[in-house]
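Thanks for sharing this one. Here are some notes to read with the coordinates open.

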Protein chains: 2
Amino acid sequence: MRTVRVGLIGLGTVGSGVVEILRRHREDFATRAGVDIELARYADRDASRFARLGLPPEACTTDAAEIIADADIDVVIELIGGTGAARGVVLAALEAGKSVVTANKALMASHGQEVMDAAEAHGVDLMFEASVGGGIPIIGPLKHSLVSNEITAVYGIVNGTTNFMLTQMTRDGLDYATALTEAQARGYAEADPSADVDGLDAAAKIAILASIAFNSRVTLGDVPAEGIRSITPVDIAYATEMGYVIKLMAIARRVEGGVDVRVHPTMIRSGHPLAKVDAVYNAIYVVGDAVGETMFFGEGAGSLPAASAIVGDVIEVARHIQSGCLNIVGCTCREELPVREIGDLVTQYYVRLLVEDRPGVLAKVAQIFGENDVSLASVLQTRTDEHGGAEIVWVTHAAAERDVRAALDAIALLDVVREVASVIRVEEL
Amino acid sequence: MRTVRVGLIGLGTVGSGVVEILRRHREDFATRAGVDIELARYADRDASRFARLGLPPEACTTDAAEIIADADIDVVIELIGGTGAARGVVLAALEAGKSVVTANKALMASHGQEVMDAAEAHGVDLMFEASVGGGIPIIGPLKHSLVSNEITAVYGIVNGTTNFMLTQMTRDGLDYATALTEAQARGYAEADPSADVDGLDAAAKIAILASIAFNSRVTLGDVPAEGIRSITPVDIAYATEMGYVIKLMAIARRVEGGVDVRVHPTMIRSGHPLAKVDAVYNAIYVVGDAVGETMFFGEGAGSLPAASAIVGDVIEVARHIQSGCLNIVGCTCREELPVREIGDLVTQYYVRLLVEDRPGVLAKVAQIFGENDVSLASVLQTRTDEHGGAEIVWVTHAAAERDVRAALDAIALLDVVREVASVIRVEEL
């Protein structure tokens with residue numbers, strides 16, 4: 001058995017999980033999987049982490065380039081994150097003939113083609129299971145078992161922070177700000193929460209999944225993302241009343257002539273399996289023409305779950321190194337499907353309006369929807385306030401986003417309309 | 001690109017799904033996965049199926065041995081089923097240097113070691129994703145992404161027929177016989193339903209999953225199986241009342257000094273993700289020391305879902321053939337963990353007794369539980385009948401199966417006890 005020597009770059013939360021798993025199971029991996037994996041070198045800009053993790057000083061460096069230059073290193077684990085230094089490190093490692101395992105969703109979503117091409121050019125593996133869904137196996141299944149399918153849709157709850165917040169808001173009636181404070185207190189949200197709450201983290205993940213599922217490169221910039229900042233307890237209460245749950249959904253669908261990829265708060269039926277994925281759990285719902293509907297569920301973040309996926313990838317690479325068959329499954333983006341404009345989206349919409357409580361308001365609004373080809377599935381006028389205002393909640397039938405937007409622009413101008421308070425897409429999965 | 005030539009043996013429901021997928025997607029697989037897969041030969045004892053599927057007569061035979069003898073065939077798909085002819089066909093194919101893809105749970109659960117050894121000896125692949133959970137990727141994830149974990153438990157709802165029946169019984173209050181008739185009418189249950197309703201199908205599947213999860217061979221004969229024939233609407237009503245759902249669970253747990261593997265109707269908390277897996281859907285809940293809790297959900301049976309897994313395996317084998325790296329991941333049963341006796345099981349029990357409605361009955365029964373070290377979590381005495389009988393429902397704390405059985409044997413002998421009507425294990429997942 002050949003010892004596969006691994007250099008670990010980035011010793012944060014996930015990196016320490018990788019160290020822990022390999023300490024605990026190195027011998028098991030040798031016995032069970034037939035691979036001997038040695039964590040041989042460690043790099044981090046913060047040298048204090050070396051001692052904290054009890055790493056041998058001679059194996060540690062603050063300069064990642066030393067690991068890249070080390071001819072004895074077979075595999076580099078990149079846990080720097082982001083698209084700056086990480087991109088250089090990954091490219092340099094691949095060019096040096098090392099396989100790379102990364103958890104870097106931003107890199108894969110923004111420069112996926114570049115790094116996959118580099119891996120192919122140098123005949124090595126580039127694996128990134130941990131970049132989506134933490135420890136949940138999803139990239140492996142899409143590239144292997146499910147490769148027999150034409151995937152028609154991927155619906156993901158792939159951001160644990162926002163799912164935790166929405167769960168708290170739904171269960172306990174918290175407002176957005178309180179839910180965010182709670183998430184921050186528990187360490188689920190950063191001090192600057194924007195990557196999570198604005199949907200950018202989920203957008204990167206769905207770009208990665210869409211690229212694999214549809215064999216066509218989708219990048220972060222292609223994905224319109226709306227976050228959850230505007231979700232209120234009022235909307236959640238209406239959703240519950242109508243049998244829906246609000247989730248931040250990352251959606252990728254194969255549509256006529258292209259792909260439809262987007263992230264936004266979405267009302268889904270409360271009976272759907274995804275509606276029951278609560279708190280920090282993630283789930284990815286995959287629909288294929290042969291397999292039908294499948295779902296992959298688990299912890300989407302955290303040190304050990306992410307490290308589970310990373311070490312799984314490292315073992316896979318080690319098997320390939322031992323058998324001399326690196327880069328069997330590389331990039332599969334053989335098609336160039338256009339990403340559809342969000343304006344062309346056809347779905348249902350929940351619209352909450354604050355209006356004057358006067359006769360004829362409902363008719364005026366309904367007329368504008370009609371003039372814009374938006375037909376209505378239901379309307380509720382249930383709340384009135386002490387200032388002569390009323391609240392009207394509409395759910396449309398499937399309509400084009402651009403028509404709904406045009407209607408809402410016109411509706412906002414009506415003197416009887418105080419505010420278009422919420423617009424939330426409704427998906428019948 | 002080398003054309004990988006496949007011989008398909010068995011043209012029943014799943015076989016026709018394989019034909020359909022390859023007809024639909026052969027070119028896609030070439031473009032996207034870089035493999036050209038030709039269904040080159042077909043065998044079935046029923047020659048009428050050839051024309052029905054529109055297969056070229058010259059490629060068809062009623063003698064599987066012809067396909068095994070064909071030197072141009074690279075991969076054999078075995079869809080005969082069972083452990084008779086299928087075992088011979090699989091072994092002969094492997095010995096002839098062909099890789100094998102099978103959906104045969106009985107074969108893998110009873111002769112898994114023999115066929116895996118044969119694959120290794122001849123340097124070919126033997127893949128069997130479709131043997132458990134239909135199209136749900138579960139064997140791939142266990143052997144790849146999750147290989148970094150010490151798996152501590154696998155809980156599966158892996159039999160769609162019984163899950164459909166239990167769902168009907170729970171939702172609509174049907175009794176067992178009516179639910180079975182309904183399942184048969186919809187084609188979900190066979191005329192002789194015993195493999196499904198007696199838990200043998202599930203037992204084979206959990207033997208396969210346990211072997212992979214624990215790296216230790218578990219065979220069908222090791223798995224105590226109880227089916228759902230004895231489940232009544234009364235028990236389901238009590239379960240619902242207490243916040244449980246009854247599912248036919250296939251369970252494999254790593255325990256002190258061995259493994260605990262079994263199939264039986266089980267009460268699980270209605271809030272658990274597995275409790276919401278209804279109708280013919282399957283799900284496998286996997287707990288690992290790094291990944292935490294994960295679940296894999298989807299259609300557990302049917303022509304196209306099973307064919308999805310089979311063709312996924314064939315594509316994988318084709319990639320290995322092209323890259324010259326067959327048999328990278330073979331059998332991983334490197335340990336020999338004993339399978340624990342069911343008598344040593346420690347879990348909670350739901351017990352329903354029919355008794356005389358007389359003072360002191362409850363005390364007498366409780367005393368016998370106590371004498372046998374079975375402590376009680378709750379007791380309900382809610383129903384009485386017109387013949388002076390009453391019903392008492394007990395839920396025990398965690399207790400050893402052999403103690404519970406001893407207690408029940410003694411309780412059954414009490415003159416005030418008419419019947420030990422039901423005993424159902426309760427698992428707090």
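The points below go from chain A as a whole to its contact with chain B.

1. A word on provenance before anything else: this is a predicted model, so please read the values below as computed from that model.

2. Chain A has 14 helices and 16 strands. Along the principal axes, its C-alpha atoms occupy a box of roughly 80 × 45 × 35 Å.

3. Does the radius of gyration of chain A agree or disagree with that of a compact globule? It agrees: the value for chain A is 24 Å, and a compact globule of 429 residues would come near 22 Å.

4. On packing, 53% of the 429 residues of chain A count as buried. Among contacts in chain A with a separation of 6 or more, 75% are between residues 24 or more positions apart.

5. Turning to the interface, chain A and chain B each bring 50 residues to the contact. On the side of chain A that touches chain B, at least two residues come from each of α1 (13-33), α6 (139-143), β11 (292-299) and α12 (303-323). The most come from α12(A), which gives 11 residues. Sorted by class, that side of chain A has 22 nonpolar, 18 polar and 10 charged residues.

6. Strand pairing also crosses between the chains, and you may enjoy looking at this spot. β11(A) and strand β11 (residues 292-299) of chain B run antiparallel, joined by three bridges. Which residue of β11(B) stands opposite A:F297? That residue is B:M295.

Notes. Residues numbered from 1 in each chain as written. Chains lettered and ligands numbered in written order. Predicted model: local features only at pLDDT ≥ 70, side-chain atom pairs only at ≥ 80, totals over all residues. Contact = placed C-beta atoms within 7 Å. Helix = DSSP H or I, 4+ residues; strand = E, 2+ residues; numbered from the N terminus. Nonpolar A, V, L, I, M, F, W, Y, C, P; charged D, E, K, R; others polar. Pairing = 2+ DSSP bridges. Rg over C-alpha atoms; globule rule 2.2 N^0.38 Å. Buried ≥ 20, exposed ≤ 12 C-beta atoms within 10 Å, placed from the backbone.
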